[in-house]
Amino acid sequence: MQPDPNERATYNGLTRAEATLPSSAYWDMGAYQRDLDAIWYRSWLLVCREADLAEPRAFRTFRVGTQEIVVLRDETGVLRAFHNTCRHRGSQLCQESEGRLKARLLTCPYHAWSYSLRGDLVRVPSKSLPEGFDKADHALYRVALSVWRGFVFVNLLEDAEDSAETSFDPASGNLGNWPLETLVTGHVLRKVMNCNWKIFWENFNECLHCPGVHKDLSRLVPIYGRGLMGRHDDPEWARHADNDAPEFSGGLRSGAETWSSDGRAHGPVFAGLTPAERAAGQTYATNLPSMFVVGHVDYVRTVRLVPLGPEQTELTAEWLFPPEALKAPPADIDNIVAFGRQVLEEDAAICEVNQRGLRSMRHQVGVLMPEEYELHRFHNWIRERHAAVPPSP
């Protein structure tokens, strides 16, 4: 086949060297605070799934930076979110990370101010109230809440607009054919990584590391073994444009069906998927900065990130299955979970290696290779959000 004269226009890769973020962006406390102020306190953040708050009076607390939020389901079944802070003198309200409230009130453990599950102040135990005091002026601080396909998000902006759905990356895959709302949790992995949150996202956005770091994944997804994420990452893609072998076209190796230790599906395959979705092997949807979700033919995997400091990030991964799949022998689920855990552990380990090297006093900034075009897009996303929010005085 003759090379396409428009090849350059359709090639994904960067055409010139681009600088990374400065190395201090990954360890400096001031830079971490800028990330919180400009990004984390102004974005839709994944908290949990609706199923985690299935019953009235169920609650969960969620912490990002210095901010702690309580998400609950009120007695009428409505999900609500508030700052976990009493309006009296600022005490923490819910001290546990999750549970079910014993009454239809949120009662401060310090001075017993009590709030309805709608956030209204209903009881103050003082013998008298000061002149001009109106309970209506002292409701809990409300937090914007949005539900997308069974996932619960919050946004700390007082005037948060749109919804979690609108904040997904437009370049993400469409998971409309996956029954996300009806899936149940089969396994959860929680891990603290000793790296900045941005390093994990950078690693997620390139596959140059795949041949050296992910041996088994590179065998399952052969194009990853070439250090590429898709056909058009290869500057010479046009030479192989008619070659549907997975090392050129993407997708799983011949005979494989899903991400698992043996490449086989280990439960019912989702009925609504298109042939292209089945052939792809994985479909990603990304909602920066806190989560991504991956649709496979027989299960869905979600990964949530929360920064704990400039050099620590909490990762929570969940494997979601149709309810009937969890009735299968445990080994079937183990085959899937073991593979996914391996990939995430490999990613976490190499991200920590990256973090340790950034402390060099000589390394001020790095350089991106052509295949790292998604990193450049991610860095510009960071820069744009920092520019939009003036630094705190």
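# A walk through the model, cysteines to helices

Start by selecting Cys195: at 0% relative accessibility, this cysteine counts as buried, because the cut-off for that label is under 20%. Keep in mind as you click around that this is a predicted model.

**Cysteines that stay unpaired**

With Cys195 still highlighted, add Cys351 to the selection. Cys195 takes part in no disulfide, and its nearest cysteine sulfur, the one on Cys351, lies 4.8 Å away. Cys351 is in no disulfide either; for this residue the nearest cysteine sulfur is that of Cys195. The two sulfurs don't count as bonded because a disulfide needs them within 2.5 Å. Cys351 is buried too, with a relative accessible area of 1%.

**The disulfide**

How many disulfides does a search of the whole structure find? It turns up 1. To see it, select Cys207 and Cys210, whose sulfurs are joined at an S to S distance of 2.0 Å. A disulfide is a covalent bond between the sulfur atoms of two cysteines, so draw this one as a stick. Look along the S-S bond of Cys207 and Cys210: the angle about it is -85 degrees, making the link left-handed. Are the two ends buried or exposed? Cys207 is buried at a relative accessible area of 5%, and Cys210 is buried as well, at 2%.

**Helix 3 and helix 9**

Next, select residues 373–388, which make up helix 9. Try a ruler on the end C-alpha atoms: they are 23 Å apart. That agrees with the expected span of 22 Å, because the helix has 16 residues and each step counts for 1.5 Å.

Now show the side chains. Which residues of helix 9 are buried? They are Tyr373, Glu374, Leu375, His376, Phe378, His379, Trp381 and Ile382. Colour the elements these buried residues pack against: strand 1 (18–22), helix 3 (197–204) and strand 17 (365–368).

Stay with helix 3 for a moment. Its axis comes within 9 Å of the axis of helix 9, and the two cross at roughly 145 degrees. The crossing of helix 3 and helix 9 is right-handed. For the meeting point itself, pick Trp197, Lys198, Trp201 and Glu202 on the helix 3 side. Across from them, on helix 9, are Leu375, Phe378, His379, Trp381 and Ile382.

**A three-stranded sheet**

Switch back to cartoon view and find the open sheet of 3 strands, ordered 2-11-10 with antiparallel pairing. Strand 2 (45–49) and strand 10 are the edge strands; each has a single partner, so one side of each is left without a neighbour in the sheet. Turn the sheet end-on to see its twist, which averages 30 degrees from one strand to the next.

Zoom in on strand 10 and strand 11 (residues 151–155), which pair in the antiparallel sense over 5 bridges. Strands of a sheet pair through backbone hydrogen bonds, either parallel or antiparallel. For one spot to click on, select Val147, which stands opposite Val152 in strand 11.

**Last stop: Val124**

Where is Val124? Look in the loop between strand 9 (121–123) and strand 10 (144–148). Val124 is buried, with a relative accessible area of 13%. Leaving aside neighbours within four places in sequence, Val124 is in contact with Trp113, Leu129 and Phe133. Finish by selecting Trp113: it sits 11 residues from Val124 along the chain, and their C-alpha atoms are separated by 5.0 Å.

Notes. Residues numbered from 1 in each chain as written. Predicted model: local features only at pLDDT ≥ 70, side-chain atom pairs only at ≥ 80, totals over all residues. Heavy atoms only, no water. Helix = DSSP H or I, 4+ residues; strand = E, 2+ residues; numbered from the N terminus. Expected span 1.5 Å × (residues − 1). Buried < 20%, exposed > 50% of the residue type's maximum accessible area, 1.4 Å probe, protein only. Contact = heavy atoms within 4.5 Å. Pairing = 2+ DSSP bridges. Axes fitted to C-alpha atoms, helices over the stretch in contact; angles between N-to-C directions. Left-handed = near helix turned anticlockwise from the far one by under 90°.
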